[in-house]
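Visitor: I'd like to go through this one with you and ask how each label was earned. Could you show me the chain to begin with?

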Amino acid sequence: MEKKLNLRNILEIRRSKFRTESCPTKSSEEQDLHVKLKVDSNLPELLKEQHKKYLLDKIVYLPSVYETLDASRPWLCYWILHPLSLLGVRLEDTHKSHVIKFLGKCQSPDGGFGGGPGQFPHLAATYAAINALVILGTEEAFNIINREKLQEFLFSVKQPDGSFAMHIGGEIDIRGVYCALSVASLTGVLTPDLCKGTAEWIVSCQTYEGGFAGCPGMEAHGGYAFCGLCALVILQKGHLVDQQALLRWLVHRQMRLEGGFQGRTNKLVDGCYSFWQGGAFPLLYSLLAKGGNAPHDHLFDERALQEYLLICCQNPLGGLLDKPGKMKDVFHTCYTLSGLSVAQHFLEERHILGPSRNGIASTHPLYNIRPDIVRKAILHYNDLGTPKRRDETANT
């Protein structure tokens, strides 16, 4: 079923501006940019063809501005491939094979993937590489992942308190937990020993505000909240979350004027948080449903979010951005389209602002990959069974 959404009245939007009480700030000046926007009387359009061309060009050639991301090259693959899949683009087999072979060069002999060929394995790069390979979805892509070595790498960064270091000797925060559990559950290498004590550590990161911090005692943040909630759902421990506190924190991160989400309290709106904050809502819906409190509609303003993404975050030549005045890039293109997908889909319904052609595919809230692609990968790896660790093999 499809639900048609209409734009908010411009006067309603302007009335949502925060009162500065004669003390203007940098944040209030940024909001003035949105107040001055001229809204086309025609419904906003998702510039699909321009975004497709922008992303397809990046598979072949990246400009020099991306040199600073030399240690994040698997991420570049994921940030390009995922939005293309949401837009329904099917890559040529030759392009797929080239990406697979490149990611194979990023795989460490010790397991996991580094940020580029020859780099040390890192949980973030491993997450991005495996997501990219799963999206490509060919036998070559599935088979290039060394699951036995991957499992060894995950155990090598597991900490006694249940947390995970991002790499051997590296920083410890909630990103590591999510990245480890995400790739382990996707590739069928998750075991009880790997996640021992992890749920308890995650719960200790939920703050007095209701969101999750990167580690116990720190400030709640949208990306960390997404990672913590996803990890608990993967572990089937979502009931340990203070759901009402988290829901209250999440809904207050959507800005009344802009319609988009901020990442933290008293911060500016950013297009990427349309997914990091918005993606948490479907997971909360499932937890609330288990408690007999299933929502009958989105618990955030999906119309306002789609307005922000379609009106404020699109570059007319293709690619999406953080906010008006910022440069487009593949990171924001990936996560703004992911957030748009979340806003457009509620259970079996589609809530689309503008014409039906604005609709894009749904994304799996745990992995931020299309659900049909997730299903294919999990079935493939489950058929292979869970690898046995060396110490387990020695004892049999």
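**How the labels were earned**

Guide: Let's start at Asn 368, which is found in the loop between strand 3 (349-353) and helix 17 (371-384). Keep in mind as we go that this is a predicted model.

Visitor: What makes Asn 368 count as buried?

Guide: Buried means under 20% relative accessible area. Asn 368 has 1% relative accessibility, so it counts as buried.

Visitor: And which residues does Asn 368 touch, leaving out those up to four places away in sequence?

Guide: With contact meaning heavy atoms within 4.5 Å, Asn 368 touches Tyr 78, His 82, Phe 275, Tyr 335, Ser 338 and Thr 363.

Visitor: Let's try a tryptophan. Where is Trp 79, and is Trp 79 buried or exposed?

Guide: You'll find Trp 79 in helix 4 (residues 73-86). Its relative accessible area is 9%, under the 20% cut-off, so Trp 79 is buried.

Visitor: What does Trp 79 touch, again not counting residues up to four places away in sequence?

Guide: Its contacts are Leu 55, Leu 69, Val 330, Phe 331, Cys 334 and Tyr 335. Tyr 335 also turns up in the list for Asn 368. As for Leu 309, which is 230 residues from Trp 79 along the chain, the two C-alpha atoms are separated by 17 Å.

Visitor: Now the other side of the scale. Why is Glu 200 called exposed?

Guide: Exposed means over 50% relative accessible area. Glu 200 comes in at 53%, so it counts as exposed. Glu 200 lies in helix 10 (residues 198-203), and its C-alpha atom is 16 Å from that of Ala 165, 35 residues away along the chain.

Visitor: What is notable about the phi of Gln 236?

Guide: Gln 236 has a positive phi, about 60 degrees, although it is not a glycine. It belongs to the loop between helix 11 (222-234) and helix 12 (243-251). With 69% relative accessibility against a cut-off of 50%, Gln 236 counts as exposed.

Visitor: And what about Leu 347: what is its phi, and why is it called exposed?

Guide: Leu 347 is not a glycine either, and its phi is positive at about 55 degrees. Its place is in the loop between strand 2 (345-346) and strand 3. Leu 347 has 68% relative accessibility, over the 50% needed, so it counts as exposed.

Visitor: Stepping back, how do you know whether the chain agrees with a compact globule?

Guide: With 396 residues, a compact globule would have a radius of gyration near 21 Å; the chain has 21 Å, so the two agree. Its C-alpha atoms fill a box of roughly 70 × 50 × 40 Å along the principal axes.

Visitor: What share of the residues is buried, and what supplies the exposed area?

Guide: Buried residues are 57% of the 396. The chain exposes about 18000 Å², with carbon and sulfur atoms supplying 53% of it.

Visitor: What share of the contacts joins residues at least 24 apart?

Guide: Among contacts between residues at least 6 apart in sequence, that share is 70%.

Visitor: Last one: what does the record say about residues 46-369?

Guide: UniProt, in an unreviewed entry, places the feature "domain: Prenyltransferase alpha-alpha toroid" there. In the model, that span is 48% helix and 2% strand, and its end C-alpha atoms lie 20 Å apart. The chain has 18 helices and three strands.

Notes:
Residues numbered from 1 in each chain as written. Predicted model: local features only at pLDDT ≥ 70, side-chain atom pairs only at ≥ 80, totals over all residues. Heavy atoms only, no water. UniProt positions renumbered as here; feature names shortened; annotations may be inferred. Helix = DSSP H or I, 4+ residues; strand = E, 2+ residues; numbered from the N terminus. Rg over C-alpha atoms; globule rule 2.2 N^0.38 Å. Buried < 20%, exposed > 50% of the residue type's maximum accessible area, 1.4 Å probe, protein only. Areas by Shrake-Rupley, 256 points an atom, 1.4 Å probe, with all protein chains shown as cover.
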